[in-house]
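Trainee: I would like a close look at one part of this model. Please pick a strand and walk me through its surroundings.

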Amino acid sequence: MGTQSAVETKAATATRPAKPTQPVAVDVTQLVGLSIDELRQVLGPAHEASTSKPGLEPTPAELKLTNGEGWINTFERNGQTIIVAFHARTRKVRDIVLVGTNEEELLQRGNLSLTSSRYIVLPFTQSDSAANISGLRVVARN
């Protein structure tokens with residue numbers, strides 16, 4: 001009563017469908033701690049969605065206006081959109097955002113762990129709906 005043999009347990013687990021796994025699109029763990037220039041070497045050239053948005057690098061006027069802080073580049077890698085915020089003067093990457101709506105899928109596609117000692121993973125939400133994520137933000141711990 002209440003016990004199963006090893007054969008019965010194995011048969012029961014074999015009939016459950018396996019959780020589908022997503023291929024790693026970009027190994028974000030290898031990008032954490034890189035400068036924007038090193039990151040561009042790994043991901044390739046950045047692109048921006050339209051000409052009305054800021055360019056890949058700030059102009060001298062934009063650099064003066066923003067003090068070189070908060071510049072972004074957008075990358076595509078294996079079907080994954082990656083937005084990188086960096087300080088234009090120091091070239092230091094502030095954070096990396098994987099764009100998407102499924103947290104578990106984004107964790108798999110970025111090869112990320114919620115318990116890493118090197119970085120923190122935070123859900124990125126739209127301001128109008130905190131329940132629905134728009135991506136995952138990855139920030140180096142150091």
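Mentor: Start with one pair of residues: Phe75 stands opposite Ile82 in S2. Keep in mind that this is a predicted model. Strand S2, residues 80–86, is the part to look at.

First, the setting. The chain has 142 residues, and 35% of them count as buried. Four helices and five strands make it up. Along the sequence, the order is α-α-α-β-β-β-α-β-β. Take the contacts with a separation of 6 or more: 51% of them join residues 24 or more positions apart. The chain exposes about 9,200 Å², with 55% of that supplied by carbon and sulfur atoms.

Now S2 itself. How many of its seven residues are buried? Five are, so the strand is largely enclosed by the rest of the structure. Buried here means under 20% relative accessible area. One general point helps when you look along any strand. In a regular strand, side chains alternate between the two faces of the sheet.

Take the S1 side. S1 covers residues 71–77 and pairs with S2 in the antiparallel sense. Seven bridges hold that pairing. You already have Phe75 opposite Ile82. Add a second pair: Trp71 stands opposite Phe86 in S2. S1 and S2 form a hairpin, with two residues between the strands. Asn78 is in that turn, and its phi is positive, about 50 degrees. For background, most residues other than glycine have a negative phi.

Just before S1 comes a loop. Gly70 lies there, between helix H3 (60–66) and S1. Gly70 is partly exposed, because its relative accessible area is 39%, between the 20% and 50% cut-offs. Gly70 also reaches S2 in space. From C-alpha to C-alpha, Gly70 and Ala85 are 6.0 Å apart, with their positions 15 residues apart in sequence. Leave aside neighbours within four places in sequence, and Gly70 is in contact with Phe86 and Arg94. Phe86 is also the residue that Trp71 stands opposite.

Now the S3 side. S3 spans residues 93–99 and runs antiparallel to S2. Five bridges join the two strands. Ala85, the residue at 6.0 Å from Gly70, stands opposite Asp95 in S3. S2 and S3 also form a hairpin, here with six residues between the strands. Arg91 is found in that loop. Its phi is near 75 degrees, a positive value in a residue other than glycine. Is Arg91 buried or exposed? Arg91 is buried, because its relative accessible area is 18%, under the 20% cut-off.

Follow S3 on to the largest pocket. Its volume is about 200 Å³. The lining has 14 residues, and Gly33, Lys92, Val93, Arg94 and Ala140 lie nearest the centre. S3 and S5 are the elements that give two or more residues to this lining. S3 gives the largest share, four residues. By class, the lining has eight nonpolar, three polar and three charged residues. Arg94 is worth a second look: it also touches Gly70.

S5 brings in one more residue. Ser134 lies in S5, residues 129–140. With 16% relative accessibility, Ser134 counts as buried, because that is under 20%. Beyond its neighbours within four places in sequence, Ser134 is in contact with Leu98, Val99, Gly100, Phe124, Thr125 and Gln126.

A last stop, past S3. Asn111 is found in the loop between helix H4 (103–109) and strand S4 (119–126). Asn111 has a positive phi of about 55 degrees, although it is not a glycine. Asn111 is partly exposed, with a relative accessible area of 36%.

To recap: S2 pairs with S1 over seven bridges and with S3 over five. Five of the seven S2 residues are buried.

Note on methods
Residues are numbered from 1 along each chain as its sequence is written. This is a predicted model: local features need pLDDT of at least 70, side-chain atom pairs count only at pLDDT 80 or more; totals for chains, interfaces and linings use all residues. Side-chain values use heavy atoms; hydrogens and water are left out. Buried means under 20% relative accessible area, exposed over 50%, partly exposed in between (1.4 Å probe, protein chains only). Contact means heavy atoms within 4.5 Å. Two strands pair if DSSP finds at least two bridges between them. Accessible areas come from the Shrake-Rupley method with a 1.4 Å probe; for residues, only the protein chains shown count as cover. On a 1 Å grid over the protein atoms alone, a cavity is a set of points where a 1.4 Å probe fits but cannot get out, and a pocket is an open set with protein on both sides within 12 Å along at least five of seven lines; lining residues have an atom within 4 Å of a point. Grid points are joined across faces, edges and corners, and a volume is the space filled by probe spheres set on the points. Ala, Val, Leu, Ile, Met, Phe, Trp, Tyr, Cys and Pro count as nonpolar, Asp, Glu, Lys and Arg as charged, and the others, Gly among them, as polar.
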